[in-house]
Every structure is written in structure tokens, then in C-alpha cells.
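Me: I have a model open at the bench and would like to walk through its side chains with you. Could you take my questions one by one?

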Amino acid sequence: MGRTHKLGSKKQIIVLSGFEEVLMDDKIITMLELQDEMNKKVHPEWREQNFSWYRAIWIESAELIDHFGWKWWKKQTPDMHQITLELVDIWHFGLSQTLIEQNSLRDSARCLRRDLDDPLPSRDFRLDIEDFAAHTLKTKSFDARRFGRLMSDIEMSFESLFSNYIGKNVLNFFRQDHGYLDGSYKKIWGDKEDNEVLIETIERLDTATVTFRADLYREMQEQYARLAV
């Protein structure tokens, strides 16, 4: 029997069946596995390094509110592409924190899905970002219910989180493969940052295909060779 699912929109109520819950769990497991793979690329023994994932989360939260706008002395328009990417970046670090705290991928996925399905009530987006950052600093952990509230604030669906996470994961691998650690990687491609190129490329591709990751990496490689000169 399905249950009420509010994630992705404050205006829509979607019934999420048991089968759909399993599919959502499977996608979260996919993201957890990809995050583990990415972290190993940075450091093979990343779990033993005591990296400060919470610090990365609250710093990304500051960047998030900057893209939304908070300065009363100048005109600012929320940059929704960048807001989406900042949330995806936070999700990367949240997945990493979850991998440290939990033993089972299936249990981790269920916990994350339950929290995303039951976000805290939305208020003002800026207040919710500050509450999320403050909680992160206080607990040095990742709160998926508060993260889910941020998604709900901007009506970001789980499918959007999943496809954009896959895309950013590909970009992160691409960066590592092209000299991100030694400083030789070029982040500006032509007149745009690689994040902007990523968003435009994702919009051109079919994110539902099983070859999406490979297709995206190939497209990024071709554009990097052509633009990042």
C-alpha cells in the first residue's frame, strides 16, 4: 500500500508505493556506491582519514545562500542552476558522512529515503539554509530531513537530485582524471565554468538510459579538448 510522499513539491502530493520505495532505495544505493568509488579515487583509505565532511557541508551551505541571494543593498536573482548544483554538492558530502556512520548500504538507503520523504516543514529558504548549517555545525553530521526541506523549498524532485548527482559524479571523476589534484586541470572551458558546461550537457542527453554516465563523460571529454585550451 502506498503512502503520502511530498518531496519535490510543496503543491503536489504523490502516493509512493512499496515498489517505488524499493526503486528509490536502489537509486540511493547507486549514489552511495558511486560516492564510495569517488572517495577512493581521492584517497584509497578515505574511511580512515577522518575527513571533516560536516565542514564541507556548511561551507557549501554558505555558497548555496549566496546563489539564492541575501544582500539587501543590491538587486539579486536566485540562480536556480547553481542552487541545484550546490544542493547536489552537499548531497555528495552527506552521502560520504552516511557511508562512515552506517554499515549496510540497504539500511543507509532506507534511512535516507525515509528522511527525504519526511522533510521538516518549509519556511523561508534562507532561514532553512541557516538552520541546516547550524545543525550541521552543532552535530557534525548530515541531517537528511533538513536537506529534504531545502529540496522542498525549491520544489526539487528526487529524480532531479539523482540525475544531477550522477552528472556531478561524472564531472568529479573527469576532474580527477585530468589533473584536479596536481592543479593542472582547467576549470574554465571557453567562457564558462565546467559546472555550467555540465548542466548544459545534461540537458541535451537522455538521463534515463543505462549509458548516461558513459555518454556524459565522452561529451565532457570532447568539450574539454575543444574549449579548455
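Reply: Gladly, and let us begin with a definition: a residue is buried under 20% relative accessible area, exposed over 50%, and partly exposed in between, with a 1.4 Å probe and protein chains only. The areas come from the Shrake-Rupley method with a 1.4 Å probe, and for residues only the protein chains shown count as cover. This is a predicted model, where local features need pLDDT of at least 70 and side-chain atom pairs count only at pLDDT 80 or more, while totals for chains, interfaces and linings use all residues. Residues are numbered from 1 along each chain as its sequence is written, and side-chain values use heavy atoms, with hydrogens and water left out.

Me: Is Asn50 buried or exposed?
Reply: Asn50 sits in the loop between α1 and α2; helices here are DSSP runs (H or I, at least four residues), strands are E runs of at least two, and both are numbered from the N terminus. The relative accessibility of Asn50 is 68%, so this residue counts as exposed.

Me: What is the phi of Asn50 near?
Reply: Most residues other than glycine have a negative phi. Asn50 is a residue other than glycine with a positive value. Its phi is near 55°.

Me: Which residue in the loop between α5 and α6 is not a glycine although it has a positive phi?
Reply: The phi in question is about 55°. The residue with this value, found in the loop between α5 and α6, is Lys140.

Me: How many salt bridges does the structure hold?
Reply: A salt bridge is a side-chain nitrogen of Lys or Arg within 4 Å of a carboxyl oxygen of Asp or Glu. By that rule, the number held in the structure is 19.

Me: Which residue forms a salt bridge with Asp36?
Reply: The closest N and O atoms of this pair are 3.6 Å apart. Asp36 belongs to helix α1 (residues 18-42) and its partner to the loop between α1 and α2, so the bridge ties together parts eleven residues apart in sequence. Asp36 is buried at 14% relative accessible area, whereas the partner is partly exposed at 37%. That partner is Arg47.

Me: Which residue meets Arg149 in a salt bridge of 2.6 Å, N to O?
Reply: Arg149 lies in helix α6 (residues 144-153) and its partner in helix α5 (residues 125-139), so the pair ties together parts that are 18 residues apart in sequence. Arg149 is buried, with 4% relative accessible area, while the partner is partly exposed at 23%. The partner is Asp131.

Me: Where do Asp215 and Arg218 both lie?
Reply: Their side chains meet in a salt bridge of 3.2 Å, N to O. Asp215 is buried at 19% relative accessibility, and Arg218 is partly exposed at 42%. The two are three residues apart, about one turn of the helix, and both lie in helix α9 (residues 212-227).

Me: Which side chain of opposite charge is nearest to Glu86?
Reply: Lys and Arg count as positive and Asp and Glu as negative, with His and the chain ends not counted. Glu86, in helix α3 (residues 80-101), is buried yet has no salt bridge. Contact means heavy atoms within 4.5 Å, and leaving aside neighbours within four places in sequence, Glu86 is in contact with Glu60, Glu63, Leu64 and His67. The nearest side chain of opposite charge is 7.0 Å away, and it is Lys168.

Me: Is Thr98 buried or exposed?
Reply: Thr98 lies in helix α3 and touches Ser108, Leu112 and Phe142, not counting residues up to four places away in sequence. Its C-alpha atom is separated by 9.8 Å from that of Ala144, 46 residues apart along the chain. With a relative accessible area of 9%, Thr98 is buried.

Me: Which residues make the nonpolar surface patch?
Reply: Patch residues have over 30% relative accessible area and no salt bridge; like charges are joined within 9 Å, and nonpolar side chains (Val, Leu, Ile, Met, Phe, Trp, Tyr) within 5 Å. Ile59, in helix α2 (residues 53-68), is partly exposed at 36%. The patch covers about 240 Å² and is made by Trp58, Ile59 and Leu137.
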